[in-house]
Amino acid sequence: MDNETLTEFKPKYYVKFDVNSGKIMQMSMAPLKEDPMSHIKVTQTENPLVGQVIAGTFSKRAIGPMFDIETNTWEIGKKGTKLHLKELSTRLTQVTQNNNPNACDISVDIYKEDKTMEISANIGIIKKNMNLADVAEISKSKDAGLLNLYFTRKGDPDYLVTSIQVDPTILLRAKKLKYNLPEDVTKYSALEEISIFTRPIFHSYSLQILDKFVESDYYLGKHTVMQVAKEQSPYHATLLRNGSSVKVTSFIGNDAKHLFTSNQIRFVVCDNDIDVPVGTFTVDSADLFNGNSTVDLDFDWPEKPLITYKARGLVISYLGDTYGGTN
């Protein structure tokens, strides 16, 4: 016995979860089969809370997955209500255009027309990535520059152009903050030649460089299931009826692909009331990046059309028909 080393036995648990929603799908003491879908992950943990959930003595809703960007691994932990703002890594992270803003903690939108920048905090995504049941309290270090944005020459974090100070506490409370772009940035003829870096206190960041700001119901917090195509401005695309067809004119660039959640957008045409549908037509999402397209109709167009569609954040204006107005 003198030569034996006794160690505490720690059972291993396996947890399958959805990266997008943070939902735990399965837990086991035996290895779980990897899922072919990229957003479904399996991680191994020694956290005894998982064992308690399996035994039925602890709530599954009280735990969730957490991603460590320093080690690039997932762990399972207890959900809290206090958001701790601190650097997750000592390296600067780039705010990139490759990420979907709807799936990121922090999104940065730059508008060329009025030379402004808007920073948005996606509280739902932050809660999931930080493994929080709710954000009841915010704790941060005394460092006021935790979320500063550093504008550099494209791809070169060592070539600083200017910076903007962002208070993360104010951002989380306000959800959105808007800034005028500094002159040191606007003097560049192409904003695409600028890169933005920040310190990683959140897990994911996105960047969009857009021609102009388009205010949608979704932006205003009106999270309706269906949107209405009506005469309005500004817009992303327009509809114009021409006899038995509809002409679709789009002003959407590749940087706005996040507006689409499916390969097609289905329009429901009603006779003055949403409870009186008369027909539908679809537009391929890809066609909205090609400028113009025409869709043939297989139903009679009503005198007072009410056109609805489902695509949050996408603003479509109905211009009426070639023979009159919008009724």
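Let's start at a turn: Lys115 takes a positive phi near 55 degrees in the hairpin of strand 8 and strand 9, which has four residues between the strands. Before going further, keep in mind that this is a predicted model, where local features need pLDDT of at least 70, side-chain atom pairs count only at pLDDT 80 or more, and totals for chains, interfaces and linings use all residues. Residues are numbered from 1 along each chain as its sequence is written, and side-chain values use heavy atoms, with hydrogens and water left out.

**Strand 8 and its partners**

Strands here are DSSP runs (E, at least two residues), numbered from the N terminus, and two of them pair if DSSP finds at least two bridges between them. Strand 8 covers residues 106-111. On one side, strand 9 (residues 116-121) runs antiparallel to strand 8, and six bridges join the two. Ser107 has Ser120 as its bridge partner in strand 9. Strand 8 is also joined by six bridges to strand 15 (residues 205-210), this time running parallel. In that pairing, Ile106 stands opposite Tyr205.

Is strand 8 mostly covered or mostly open? Mostly covered: six of its six residues are buried, meaning under 20% relative accessible area (over 50% would be exposed, anything in between partly exposed; 1.4 Å probe, protein chains only). That goes for both faces, with Ile106, Val108 and Ile110 on one side and Ser107, Asp109 and Tyr111 on the other.

**Rings**

Rings of Phe, Tyr and Trp (its six-membered ring) pair if their centres lie within 6.5 Å; planes under 30 degrees apart count as stacked, over 60 as edge-to-face and the rest as tilted. By this rule there are six aromatic pairs. Two of them are set out here.

| Pair | Type | Centre to centre | Angle between planes |
|---|---|---|---|
| Phe202 and Tyr205 | edge-to-face | 6.5 Å | 70 degrees |
| Phe299 and Trp301 | stacked | 6.2 Å | 20 degrees |

Tyr205, the residue opposite Ile106, counts as buried because its relative accessible area is 3%. Its ring partner Phe202 is buried too, at 1% relative accessibility. In the stacked pair, Phe299 is buried with a relative accessible area of 13%, and Trp301 is buried with 14%.

Elsewhere, ring pairs link Phe267, Phe281 and Tyr309 into a cluster.

One ring has a charge for company: the charged end of Arg153 sits over the ring of Tyr159, 3.9 Å from its centre. The rule for that asks for NZ of Lys or CZ of Arg within 6 Å of the ring centre and within 35 degrees of the ring normal.
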